[in-house]
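Visitor: Got a minute to go through a model with me? I'd like to talk salt bridges and the chain contact.

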Amino acid sequence: MLVQLASMRDAYAEVLLELGEEDPRVVVLGADTSVSIKTSLFGDRYPERFFNVGIAEANMMGIAAGLALAGKIPFVTTYAAFVPGKCLDQIRNAIAYPNLNVKIVSSHGGLTVGPDGASHQTIEDVAAMRAIPRMHIIVPADAPSTKSLVAQACRTLGPFYIRLSRPSVPTIYSASKDVEVGKAKILKEGSDIGIIACGIMVNEAMEAAEALSKMGVSAEIVDSHTVKPLDSETIIRVAKKTGALVTAEEQNIIGGLGGAVVETVTDSYPVPVSRIGVRDTFGESGEHKELMIKYGLTSKEITRAAKHLVDSR
Amino acid sequence: MEEQSIPIGMLLQKAAKIRAHILEMVAEAKSGHPGGSLSAVEILVSLFFYKMRHDPKRPDWPDRDRFVLSKGHAAPVLFSTLAEAGYLPTSELKTLRKINSRLQGHPDHRVPGVEFPGGSLGIGLSAAIGMALAGKVDKKDYRVYALLGDGELDEGETWEAAMAAPKFKLDNLTAIVDRNGIQQDGLTEQIMPMEPVGYKWKAFNWHVLEVDGFDFRQVIDALEKAENMRNRPTVIIAHTVKGKGVSFMEWDPAYHGKAPDKDTVRKLVKTMLEE
């Protein structure tokens, strides 16, 4: 099968141009990473609506708040290593507390930023943002769903955190197969185990499903791109149907999607859950595939966890 | 520009009433920040009762001038001023800091006329820049004012913002520093020396003015000069006294965040309003 790879940041840059055309309220802010993330394309087309604030993330968030208060829809973009890390206070107090219409889109999330090493690998952003009231969190799985989810975020009032990864990823969604903010997407039906994933781990989950199927295990695959508010209805339904869950995400296993799923099933329908993610440790330099293998972010890990849960029933 | 005489008498009256409100509401709440509220009274009175284009009946009017209280702990002076201006009933002021009140310990957007939830220091100037940028994009002529504490200048974000505003040529933005010389732990020049503060802003390419922050003519004159400046933001360093108007509070860092008791306030207010 021919696997088509596409970059989330290319998709983001493309959809920003479309949104800029569609809605004059859209403005874009950058912090000296606009060329790398390609938001500079928006700046080239709409220079009067693009603001590069230099390497000053806290100020960028504050400015975004002011723009939103004056009726704009600011898209704030830099690397996930710095947003939310360098500006959590501004995000909390100036954006989430007043429920402002600011869309924070961070690129290069997770370990797969690669050779830059641990200082630039973000493993805690989703957990940090989850703990902030009113924040929506989206972790798209591929380029087409990035486009769709970013566009929906633009049309939905309130603060959003959208987290993209750096590597080009296999395309999972065709343009016709739509995604909806707040609704987890069942990508494959199954009955023995539910695998709830987000971001680049959705593709790993799909590969795991194939491997499991060869072992006679039927896995249901869920793209939980919206980590907050979590689609708990779908999660519970899958838990009831399969009786055990595996979560998979490119972030610390503490406080992210895995945490959210565990909290949800614990509250309503407790089932065993195995969490795949970075095991509360910092990363290191390396190529993204090497890092995924070393830190357990692979279809193999998902397969092993799923098989173990099914066998121990 | 048409010459307009400044109604000093009215402004003085408003200032006296607002000082009384501040003391009463903080005493009632038994907590809050009277010192840095009292130092900023004349600045807010100059803005809300003379300089700013605003309408208490239309707090969302898109063309209104905006006031950002970055030093959000001075919420009592903002709420009192908004009440005197007609944004909320003065009777509500006594609910400050109480459960189920709109009047939070630090301002938030539930209160009409509050433009930004200042409180975590250092963010307000950035937010004011955002509002000013939006005004430029929309070709609107509203002005944005941000009041900063001098202790607040310790925050790095203030200087990130100070770099950005001249870059974007925000002549519709005026920052005002309430230079009362005291922060929570003591004198600003001992905790984190900020002098020469005017030169710092000058070095960041701001149009810098220094005034006596209790002299209405000087404050208003500076606000007018700021309005007439093209292509550059203005910062007004307003020299003030923390706790202004209450002899035992003036220059005492203890009154940064301490409320005087009700009896004392009753006597103080009586004298204040008689004057």
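**Salt bridges and the chain contact**

Guide: Sure. Let's start with a pair in chain B: B:Asp55 and B:Arg58 meet through their side chains in a salt bridge, 3.1 Å from N to O. Keep in mind that this is a predicted model.

Visitor: Is B:Arg58 buried, exposed or partly exposed?

Guide: B:Arg58 counts as partly exposed, with a relative accessibility of 43%.

Visitor: How many salt bridges over all chains?

Guide: A search of the whole structure gives 35. One of them joins A:Lys241 to A:Glu189, with the closest N and O atoms 2.8 Å apart.

Visitor: Where do A:Lys241 and A:Glu189 lie?

Guide: A:Lys241 is in helix α9 of chain A (residues 232–242), and A:Glu189 is in the loop between β9 (185–188) and β10 (193–197) of chain A, so the pair ties together parts that are 52 residues apart in sequence. As for accessibility, A:Lys241 is partly exposed at 39% relative accessible area, while A:Glu189 is exposed at 58%.

Visitor: And what does B:Arg19 form a salt bridge with?

Guide: Its partner is B:Glu42, and the closest N and O atoms are 2.9 Å apart. B:Arg19 belongs to helix α1 (residues 8–29) and B:Glu42 to helix α3 (residues 41–51), both of chain B, so this salt bridge ties together parts 23 residues apart in sequence.

Visitor: Buried or exposed, those two?

Guide: B:Arg19 is buried, with a relative accessible area of 8%. B:Glu42 is buried too, at 7%.

Visitor: Which residues are linked in a network?

Guide: In chain B, salt bridges link B:Asp150, B:Arg179, B:Glu189 and B:Glu195 in a network.

Visitor: OK, switching topic. How many residues does each chain give to the contact?

Guide: Chain B puts in 25 residues and chain A puts in 22.

Visitor: What area do they bury between them?

Guide: About 1900 Å² between chain B and chain A, with 65% of it on carbon and sulfur atoms. Interface size is often quoted that way, as the accessible area lost when the parts come together.

Visitor: How many salt bridges across that interface?

Guide: The rule finds 1 across the interface of chain B and chain A. B:Asp138 forms a salt bridge with A:Lys72, and their closest N and O atoms are 2.4 Å apart. There are also 8 residue pairs in polar contact across the interface, both residues being at pLDDT 80 or more.

Visitor: Which elements of chain B give two or more residues to its side?

Guide: Those are α5 (124–137) and α6 (156–167) of chain B. The largest share of the side of chain B that touches chain A comes from α5(B), with 8 residues. By class, that side of chain B has 13 nonpolar, 5 polar and 7 charged residues.

Visitor: Tell me about α5(B), then. How many residues, and what reach?

Guide: α5(B) has 14 residues and reaches 20 Å from its first C-alpha to its last, close to the 20 Å expected at 1.5 Å a residue.

Visitor: How many of its residues are buried?

Guide: 12 of the 14 residues in α5(B) are buried, so to speak of the helix as mostly covered is fair under the cut-off of under 20% relative accessible area. Among the buried ones are B:Leu125, B:Ile129, B:Met131 and B:Leu133, along with B:Gly124 and B:Gly135.

Visitor: What follows α5(B)?

Guide: B:Lys139 does, and its phi is positive, near 55°.

Terms used
Residues numbered from 1 in each chain as written. Chains lettered and ligands numbered in written order. Predicted model: local features only at pLDDT ≥ 70, side-chain atom pairs only at ≥ 80, totals over all residues. Heavy atoms only, no water. Contact = heavy atoms within 4.5 Å. Buried area = accessible area lost by both parts, 1.4 Å probe. Salt bridge = Lys/Arg side-chain N within 4 Å of Asp/Glu carboxyl O. Polar contact = N/O pair within 3.5 Å; in protein donor to acceptor, adjacent residues only side chain to side chain. Helix = DSSP H or I, 4+ residues; strand = E, 2+ residues; numbered from the N terminus. Nonpolar A, V, L, I, M, F, W, Y, C, P; charged D, E, K, R; others polar. Expected span 1.5 Å × (residues − 1). Buried < 20%, exposed > 50% of the residue type's maximum accessible area, 1.4 Å probe, protein only.
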